[in-house]
Amino acid sequence: MSEQTQKSTGGPRRVVVVGAGMAGVQTAVALREQGFTGTVTLIGAEPHQPYDRPPLSKAVLLGTAEGSAFDIDFEALSLRLRLGCEALAVHPAEHVLDTSEGPVPYDVLVLATGAEPVRLPGTEGVPGVHLLRTLDDAARLRPVLAGRQDIVVVGAGWIGAEFATAAREAGCAVTVVEAAGRPLAGALPAEVTAPMAAWYAESGVTLRTHARVERIEPGAVVLDDGTRLPAGAVVVGIGARPATAWLAGSGIELGAHGEVLADDHLHTSVPDVYAVGDCASFPSARYGERLLVHHWDNALQGPRTVAAHVMGQAAVYDPVPYFWSEQFGRFVQYAGHHTAADSMVWRGDPNGPAWSVCWLRENRLVALLAVGRPRDVAQGRRLIESGRPLDPALLPDASRPLKAAVA
């Protein structure tokens, strides 16, 4: 039964959401908030009550919180939870989802399976090698931090920096090894990451760039130049990929990174199936390209569009991407998408405690990164959304509000 047929007949409607993280849970909640009265089933592969991920890299890891379960009354919202249930395949023609607990029929299916961490080749099953993505991962790492072991972090990206921060706070000796020549090499330009490299040493973390792991031995990481780094534990943070391998053969179109190719309503290439959050990319009219956004805010915002479209409203998804990171005593925020910018302007001293970088295209703000300047981000997001032209000559004066640069 197609979605349109369901609406015209007024028959029972069943929405099945695959994935019980932020994107999945928020989709289920948004459906109820927008007046959906049919059945909503939330399927999660993990046995735990649905939880939020950002606290895993600090509060849960350091033992200041036992967990980060969502404060949602699923029963009161008549949301059916099927936890510890793995999705195995989708059969769009039959409107059936195969799971580890048997087939689940649906009228509308929402894919919200998120992303899974990339594993370091050759480390599968090696004792002492950890990832940090799930509640169980954090639970395994807590005694490592509590024991103040020597830790080697592989990857100087966002998660590597956040974990290194927590490990130093716990009193561990930490070395971060990065194959590229600088931190966040895949995310930001070299001139922006240059001041960030100093944050590691300031916090007592050893950062080794141009360093590749040759092998991991008991108690040590061996680099390709022969250097042996003592390691009671190794934490791998070299990126994540959409968790979509299980969709092979479904007819649901995937992109070059394995992400579900959704349209601007977050609808997939097959009828009655949507995709939201880390597992999906979407076309952005604002930026003129397809975006794959692996951040919390995307998992929060996208579900509202999916719910609206399920309810028959022609909602378009074209957000200003946003994320934040707490690392080495600094609060880093980023809004927008900078790759198509034609100029870049600094606000403040990048060697100081608070500064921002603005990316412009034709004198319109397209992205902003701020360290310790939340006001810049709040105003910057609104300026990106509005597309109002700015006077670049007024931007470098960090004492002036960002909005004062409007031409």
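Let's start with helix α4, which is mostly covered: nine of its twelve residues are buried. This is a predicted model, so keep that in mind as we go. The buried set in α4 takes in Trp-158, where the helix begins, and also Gly-160, Ala-161, Glu-162, Phe-163, Ala-164, Thr-165, Ala-166 and Ala-167. So there's a charged residue, Glu-162, tucked in among the buried ones.

How far apart are the end C-alpha atoms of α4? They sit 17 Å apart, and because twelve residues at 1.5 Å a residue should span 16 Å, the helix (residues 158–169) agrees with what you'd expect. Just past α4 comes Gly-171, with a positive phi near 95°.

Now move along the chain to α6, residues 296–310. This helix has 15 residues and reaches 22 Å from its first C-alpha to its last, close to the 21 Å expected at 1.5 Å a residue. Like α4, which is mostly covered, α6 is mostly covered too, with twelve of its 15 residues buried. Its buried residues include Asp-297, Asn-298, Ala-299 and Leu-300. Gly-302, Pro-303 and Thr-305 are also on that list, and the run from Val-306 through Ala-307, Ala-308 and His-309 to Val-310 is buried as well. What follows α6? That would be Gly-312, and its phi is positive, near 90°.

Those two glycines bring us to backbone angles. Most residues other than glycine have a negative phi. That makes a couple of loop residues worth a look. Leu-266 has a positive phi of about 70° although it is not a glycine. You'll find Leu-266 in the loop between β18 (260–261) and β19 (273–275). Is this leucine buried or exposed? Leu-266 counts as buried, because its relative accessibility is 2% and the cut-off is under 20%.

The other one is Asn-363, again not a glycine, with a positive phi of about 65°. Asn-363 lies in the loop between β25 (355–361) and β26 (364–371). At 36% relative accessibility, Asn-363 counts as partly exposed, whereas Leu-266 is buried.

While you're around β25, which covers 355–361, have a look at Cys-358. With a relative accessibility of 0%, Cys-358 counts as buried. Cys-172 is in a similar spot as far as accessibility goes: it also comes out at 0% and counts as buried. How many disulfides turn up in the whole structure? A search finds zero.

Key. Residues are numbered from 1 along each chain as its sequence is written. This is a predicted model: local features need pLDDT of at least 70, side-chain atom pairs count only at pLDDT 80 or more; totals for chains, interfaces and linings use all residues. Side-chain values use heavy atoms; hydrogens and water are left out. Helices (H or I, at least four residues) and strands (E, at least two) are DSSP runs, numbered from the N terminus. Buried means under 20% relative accessible area, exposed over 50%, partly exposed in between (1.4 Å probe, protein chains only). A disulfide is a pair of cysteine sulfur atoms within 2.5 Å. The expected span of a helix is 1.5 Å times one less than its number of residues.
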